[in-house]
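Student: Could you take me on a close look at one part of this model? I'd like to start from a pair of strands and work outwards from there.

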Amino acid sequence: MGEPDDDAVLRAMRTEAERLATSGDALLRGQYEYLRARIDALIELRRVSGAD
Amino acid sequence: MTKLADPFADSPLLARFAGLSRPELEALQLSKLRRQMARLERTSAYYAERLRQAGLTAEGITSLAQFAERFPTSSKADFLADQQAHPPFGARLGIAREQVALVNMTGGTSGQGQETYGRSQRDVHQLGYLHALPWVMAGLRPGDVAVNCVPAGGMTTGGWGPGEGLRIIGATAFHVGGGLSTDAKIDLMLKLGGVNFIYASTNYLHTRTAALLGRGITPREAFPDMHGLFIAAEGYPLEWAGKIEEHWGCRLQEGYGSTQCNGFGGSTGSAGVFGEGGGRGLIRLFEWETLFEVVDPDTLQPTASGEVGELVATNLSVEGSPVIRFRTGDAARYVSWKDAAGGTCWNAIEAGSIGRFDDMMKIRGNNVWPTAVDAAVFAHDQVFDYAGRVYTEGGKTEIEVRLAFADHCADMPDEGRAEVIASVREAIKGRTNVWMQVVECRRADLPEFAYKARRWKDERQQGYRL
């Protein structure tokens with residue numbers, strides 16, 4: 001039951017991180033993009049199906 | 001000279017820190033300190049014992065002044081003894097050992113031993129942030145091409161922080177330190193098609209600049225897109241800083257950082273290393289991350305604004321191996337926020353003159369700091385570099401300064417060389433009150449340093465033989 005929930009949590013986090021990454025703050029923008037990229041990597045490495 | 005982006009306009013977060021009043025900043029520090037000490041009271045036997053010695057609990061900390069008055073300082077010797085008793089991190093570790101994500105050690109240049117620091121995942125992010133912060137203030141922006149000349153990786157904080165910082169800014173980083181010769185680094189930079197930012201030790205920026213000029217390359221022409229040179233680790237004379245800015249056509253910036261600060265504790269920011277009126281500029285301290293005290297090293301009483309004291313550091317949020325009231329041994333001229341023009345409530349230290357109390361040499365009754373000799377020697381642009389030696393001969397203390405001339409002086413006649421040597425000797429006497437023997441040597445006879453220079457050898461004890 002844990003894994004599908006993890007995927008949903010990561011997708012929700014991705015949406016939030018995407019929103020943060022549009023920040024106009026020069027000090028934070030790179031850090032938010034870094035956070036989004038980490039979540040992207042986790043989503044991708046958990047993919048076990050060819051379906052989108 | 002390229003105008004720098006205003007960091008406070010470009011970062012609303014930074015603008016909020018800059019906009020705090022002094023009471024607001026100190027309230028933030030006290031809140032973070034209480035939280036830090038409450039955590040360490042539970043997780044670190046070393047700091048729990050020090051709280052007990054102070055007769056304090058985390059909840060009982062009522063003010064920053066009370067904490068400074070009662071909580072005992074720690075020194076490098078304390079940390080080394082702690083590590084020996086509880087290897088590898090000591091009982092000061094504030095997290096479970098399996099939560100250590102990165103291990104850093106101090107450089108070992110003091111000769112006393114290396115402190116070991118365990119970093120949590122959170123600390124590693126902060127390590128990057130505390131490099132990104134001064135560099136964003138110095139004008140570095142996402143997509144800029146940055147050349148990091150400090151050797152990357154390994155065990156030191158300086159080996160890991162720049163990589164993390166440049167990554168989270170989103171700069172395109174070339175980590176050229178360590179593995180390449182100076183000429184190979186120059187060749188690589190010339191091929192990059194535009195470089196915007198260099199991070200190097202003071203000593204290495206000097207070496208790089210001298211090597212470029214020696215090859216007949218004018219840095220500002222070869223790298224017209226350069227908008228920031230950021231140095232750390234060593235002092236310098238203002239004459240040298242002025243020439244560096246002239247050769248490169250951009251601002252020189254400086255940061256104060258250390259393993260104990262988990263990165264930079266302050267920086268000159270967009271103002272650069274010159275203050276108003278052309279004097280030394282100020283390094284503004286990032287006091288919401290590190291609580292700094294500047295104290296008299298003998299009495300531990302606070303130093304007055306304008307005076308030189310020892311920096312004592314307290315990490316307000318580091319989890320792994322935090323330092324709490326750690327005596328850094330770093331000697332800096334303290335400038336209170338009230339005296340530091342610039343509009344923020346951040347305390348400051350003078351740029352370009354940070355030295356070490358434990359580097360001080362007692363020579364013929366005088367306190368001589370290597371940085372004072374550096375300032376005298378490098379005020380002469382005819383000098384490439386030097387090495388100093390203190391030794392005993394016939395029961396007398398002798399001091400020898402061997403200097404090599406810069407490449408652009410290759411054709412200088414002997415008379416001119418003698419004049420420069422005499423001028424250097426006078427300048428050293430003026431800054432240290434000690435006459436030293438100054439002689440010329442070949443450039444190849446001097447050691448080359450990729451990071452912190454260790455120009456002085458004290459061989460006096462070897463002279464005491466029966």
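**Strand β3 of chain B and what surrounds it**

Tutor: Let's start with one facing pair: Val147(B) sits opposite Phe174(B), a residue of β4(B). Keep in mind as we go that this is a predicted model. The two strands behind that pair are β3 (residues 145-148) and β4 (residues 172-175) of chain B, which run parallel and are joined by 4 bridges. How does the chain get from β3(B) to β4(B)? It passes through α8(B), and this β-α-β crossover is right-handed.

Val147(B) has a partner in another strand too: in β5(B), its bridge partner is Ile198(B). Strand β5 covers residues 197-201 of chain B, and it pairs with β3(B) in the parallel sense over 3 bridges.

Now let's follow α8(B), the helix from that crossover, to another chain. It spans residues 157-169, and along with α2 (12-18) and α7 of chain B it supplies at least two residues of the side of chain B that touches chain A. Altogether, 15 residues of chain B are in contact with 9 residues of chain A. Which helix gives the largest share of chain B's side? That's α7(B), with 4 residues. Sorted by class, this side of chain B has 10 nonpolar, 2 polar and 3 charged residues. As for the partner, chain A has 2 helices and 0 strands, and buried residues make up 13% of its 52 residues.

Helix α7(B) turns up again inside the model. The largest nonpolar core has 112 residues, and those touching the most other members are Leu133(B), Val136(B), Leu229(B), Ile349(B), Val383(B) and Val424(B). The helix that gives the most to this core is α7 (residues 121-137) of chain B, with 8 residues. The core also draws at least three residues from each of domain 1 (1-358) and domain 2 (361-463) of chain B. As a general point, nonpolar side chains tend to be buried together in soluble globular proteins.

Pick out Ile349(B) to see what such a spot looks like. Setting aside neighbours within four places in sequence, its contacts include Tyr256(B), Ile283(B), Leu285(B), Val335(B) and Ile354(B). Gly266(B) and Arg333(B) are also among the contacts of Ile349(B).

Since the core draws on both domains, let's look at where they meet. Their C-alpha centres lie 29 Å apart, and 24 residues of domain 1 are in contact with 18 residues of domain 2. On the domain 1 side, α10 (202-214) and α12 (238-248) of chain B each supply at least two residues. The largest share of that side, 6 residues, comes from α10(B). By class, the domain 1 side has 9 nonpolar, 12 polar and 3 charged residues.

Over in domain 2, try Ala427(B), which lies in helix α14 (residues 414-432) of chain B. Is Ala427(B) buried or exposed? It counts as buried because it has 20 C-beta neighbours inside 10 Å, and 20 or more is the cut-off for that label. Not counting residues up to four places away in sequence, Ala427(B) touches Ala376(B) and Ala379(B). Its C-alpha atom is 8.7 Å from that of Ala375(B), although the two are 52 residues apart along the chain.

Compare that with Asn433(B), in the loop between α14 and β19 (437-440) of chain B. Asn433(B) has 14 C-beta neighbours inside 10 Å, so it counts as partly exposed. Its phi is positive, about 70°, although Asn433(B) is not a glycine. Leu300(B) is another non-glycine residue with a positive phi, near 65°. You'll find Leu300(B) in the loop between β10 (290-295) and β11 (308-315) of chain B, and it counts as partly exposed because it has 17 C-beta neighbours inside 10 Å.

One more backbone detail takes us to another loop. Pro87(B) and Pro88(B) are joined by a cis peptide bond, with omega about 0°. Pro88(B) lies between α6 (76-85) and β1 of chain B. Strand β1 (residues 102-105) pairs with β2(B) in the antiparallel sense over 4 bridges, and Leu102(B) stands opposite Arg119(B) of β2(B). In β2 (residues 116-119), Thr116(B) and Gly118(B) point one way while Tyr117(B) and Arg119(B) point the other, and all are buried.

Methods
Residues numbered from 1 in each chain as written. Chains lettered and ligands numbered in written order. Predicted model: local features only at pLDDT ≥ 70, side-chain atom pairs only at ≥ 80, totals over all residues. Core = buried A, V, L, I, M, F, W, Y, C linked by C-beta atoms within 7 Å. Buried ≥ 20, exposed ≤ 12 C-beta atoms within 10 Å, placed from the backbone. Domains from an automatic or database assignment. Contact = placed C-beta atoms within 7 Å. Nonpolar A, V, L, I, M, F, W, Y, C, P; charged D, E, K, R; others polar. Pairing = 2+ DSSP bridges. Right-handed = clockwise from strand over helix to strand, strands pointing away.
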